[in-house]
Structure formats: structure tokens, C-alpha cells
Amino acid sequence: MAKRVAIIASHGGLDTAYKVLNIATTAAATDAEVGVFFTFDGLNIIHKDAAKRLTLPPGMEAYMEGFQRAQVPAVAELLQVAKESGVKLIACQMTMDVMNLKKEDFIDGVEVGGAATFLDFAYDADVTLAF
Amino acid sequence: MENLTVDKTIDCTGLSCPMPVVRTKKAMDALQAGQVLEVLATDPGSVTDIKSWAHRTGHQFIGTVEDGKVFKHYIRKVNPDEAKPERRHPHVVSNAELAAELGNQPVILDVREPAEYAFGHIPGAKSVPLGELERRLEELRPYAEQVVYVVCRTGHRSDMACQWLSEHGFRHVKNVVPGMSAWTGPVEREV
């Protein structure tokens, strides 16, 4: 039976986007069933304006040059791979309300749900990660 | 090193994690069981990543060759039936029995894919991939009256080769089981 990986993304920096999406896409490539719950600033990762919103935290600016040198794929490309390989992207309803975000503010293919939706998926997970 | 014969090559040079694994997965999905994929990558992490990926997904990691700055990874798509080979050819010898015969320079046919053969085969074994058996029948004909040992990785492909050779007039064909997956005798490499 396929393994299940449940991930919580609660930070909004570019570095967090890579941590979350690298693990999610690789897990999906390994035939795992993957779900990511985006909450608080993690919602930036699936925002239509992710390219503008995802910045590096103070003190980490030097990573930008490294990302380019290492030819790290764009966040948009990783999100596309994630969607194509069946990664479930869940936006947290409660933080959307707090941050005044609508489902239309996110890229296509994002589901909206609450904590119970994520937990229902996570209870049967083999691996649970929080970023 | 000369190029190995493979069924497909994908170029992941310049790509960083996780793209080599993501592209490998996509390419493997499109292959038929038994076919071999070559993955070209410059990401040093791919050396352990591709191996782990193959292990986790049940495919056969054949090996990696370093060619300048490029890593060439070889993976074979595994047929789920291979785990439990049907050994229908009645004449079977163990790895140990074949190892004991090596001093007498026996005829050994290795029916795995060329890339698998290149990464390690029994000294003196002749590479005849299963899919080429029919085309190379005349070349093998001189062995029809001799004892011929047929080997693959787990005994599945060699079983099919043994049956086919027996049907085509080879009188003393023996399937070596389990084969190279458990071979502890001498090995020669081409890479």
C-alpha cells in the first residue's frame, strides 16, 4: 500500500516554499499520497502572487544568489509538478478569514478546509512534517 | 567508456533536487517492464537520490557511472512477477554449482540487459539479452550439444530463455538460480 505523507506549511518565506515543495514532490515521485495544509503565512506559497510575496527572511538574502547558481527550479514550476503528481493542496479556512483571503486568491487546484480536513488525512499518515 | 545500450535516456543535467527524481519517475512510468532508463545528471545529490528512489519504488538500480561532471544512472523497470519466478524449465542449478564449474570454462549465457551485464557479470559469460535470443540463434547454434548455463538477475528471464532454447534444439540447458542477485563468485565489469 502506498505511503502517506502529511505536511503543514505555516511560514511564508521563499526558503519554506522550497522545503515544503521539495519534500512534497519527491514523496509524490516515490508513489506516496501527499497532502499539504497551508496555514498562516504558509498561504503565500499557493497565492497567485507568490512570486512577489515569497521573500527571504532578513539575514537570508544571500541564499538568493545560491538558488540561481544551483539552478533551483522556480516555485511555480514545483507547484505545477506537485499538482500534476496528485499532491493535495489544502488552504486553511480559518487563517484565510483572518487574513481576508478568498479561494480565488490562490492558484487553481487548491482545496479549502479546516483542521479536521487535514487531520482526517493526517491520522492515517506514515510521515508527518511541519515547516 | 563506450555507451551502454538503453531503451531511453533523459537529460537532467543542470537540474537540482528534486527535478532529477521527478523526471526519472515520469520517464519510468512511460517505459515497459524490463526496459532500461539512463538518467544524465550533474546534481551530486542524485547519486544517492536515484538509488533510494529506485529502492523505494521497487525498480532495479543497476548502477552509476561518473563521466566528467555528469553522473549516468541506470535503472531497470521491474516486472512485478519477477519477485516470484515461475521456474518451469525443469533443469536448474544453483549459483554454487555453477561457481564450482567455472574452472572448466563452461558456456554461460547472460540474458540480462547490456547495462546490467556491464555493471558486473560472471567472467566468460556471453551477453545475449533475452530480447535478442531469437535473432542470435545461429551464433549460439554451436552450443546446441553442450551444457549451457543461462543466468539473469533472479531466474525469471533465464527461465524463459531456457525454455526457448530447449524448444530450438539445445539439449543440455540449465537455468542458474537465483542468478546474479545472489552471486558471490568472481565478477568482471565493463564500466
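This short talk walks through chain B of a predicted model, from its domains to one helix and then to its meeting with chain A.

Hi everyone! Let's start with the overall layout. The domain assignment splits chain B into domain 1, residues 8-78, and domain 2, residues 82-182. If you take the C-alpha centres of these two domains of chain B, they sit 27 Å apart. Where they meet, six residues of domain 1 are in contact with five of domain 2. On the domain 1 side, strand S3 (60-67) and strand S4 (70-76) of chain B each supply at least two of the touching residues. That side is made up of four nonpolar residues, one polar and one charged.

Now let's look at a helix, H6 of chain B, residues 156-167. Why does its length make sense? With twelve residues at 1.5 Å a residue, H6 of chain B should span 16 Å, and its end C-alpha atoms are 17 Å apart, so the two agree. Several residues of this helix are buried, including B:His156, B:Asp159, B:Cys162 and B:Leu165. And what covers the buried residues? Part of the cover comes from strands S6 (107-110), S8 (147-151) and S9 (172-177) of chain B. Just after the helix, look for B:Gly169, which takes a positive phi of about 95 degrees.

Last stop: the partner chain. Twelve residues of chain B are in contact with eleven of chain A. Helix H1 (19-30) and helix H2 (46-57) of chain B are the elements giving two or more residues to that side, and H1 gives the most, with four. By class, the side of chain B that touches chain A has seven nonpolar, three polar and two charged residues.

Thanks for listening!

Technical notes. Residues numbered from 1 in each chain as written. Chains lettered and ligands numbered in written order. Predicted model: local features only at pLDDT ≥ 70, side-chain atom pairs only at ≥ 80, totals over all residues. Domains from an automatic or database assignment. Contact = placed C-beta atoms within 7 Å. Nonpolar A, V, L, I, M, F, W, Y, C, P; charged D, E, K, R; others polar. Expected span 1.5 Å × (residues − 1). Buried ≥ 20, exposed ≤ 12 C-beta atoms within 10 Å, placed from the backbone.
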